[in-house]
Amino acid sequence: MDYKSRVGETSNTYRDVITAEQVSLFRSALTGAPETKGTPVTVLASFRQGEKEIAERLEFKLNRMLHAEQDYEFLEELPVGIEFEYQSRLVSILEKRGRESRGGMIIFAIGTEYRLAGRVFATSKATVIYRS
């Protein structure tokens, strides 16, 4: 498959809400205290449907993927209790051939923009290694 020609492909747009319950659970997991102030930035890890959609379109099987890195950039406060939308895009892909007996690997990155009323409030980039 010619993976390089797929760079730039986007997922569907998804709509979701960060709930107060999610915030509380993430706070507890991070601090042990659900009443801590602020929204844990890691709550965005709950909203990765676009990444999954793109990996499925590339016909990558989950049991052959290794999540290598996840970067987030926050431009505004995370909206709690308000519907937002997000969409992912295949940012890059690199195929590395191994020896005949060992197969190879594909390193790909998927970027996601999180929007509220058309404004981007956060972005993320996931780098994944796929064993082919």
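Start with the whole protein chain: of its 132 residues, 33% count as buried (under 20% relative accessible area, with a 1.4 Å probe and protein chains only). This is a predicted model, where local features need pLDDT of at least 70, side-chain atom pairs count only at pLDDT 80 or more, and totals for chains, interfaces and linings use all residues. Residues are numbered from 1 along each chain as its sequence is written, and side-chain values use heavy atoms, without hydrogens and water.

Color by secondary structure. Two helices and five strands appear, in the sequence pattern β-α-α-β-β-β-β. These are DSSP runs: helices are H or I with at least four residues, strands are E with at least two, numbered from the N terminus.

Select the strands. They form an open sheet, ordered β1-β3-β4-β5-β2, with antiparallel pairing. Pairing requires at least two DSSP bridges between two strands. At the edges sit β1 (14-17) and β2 (65-74), each paired on one side only. From one strand to the next, the twist averages 25°.

Now select 105-116 and 119-131. These are β4 and β5, joined antiparallel over 12 bridges. Zoom in on Glu 113: Thr 123 in β5 stands opposite.

Next, select helix α2, residues 49-57. Helix α2 packs on the sheet and touches β1, β2, β3 (83-96), β4 and β5. Contact means heavy atoms within 4.5 Å. The direction of α2 makes about 40° with that of β3; axes are lines fitted to C-alpha atoms, for helices over the stretch in contact, and angles run from 0 to 180 degrees between N-to-C directions.

Zoom out to finish. The C-alpha atoms fill a box of roughly 55 × 35 × 20 Å along the principal axes.

Conventions: Buried means under 20% relative accessible area, exposed over 50%, partly exposed in between (1.4 Å probe, protein chains only).
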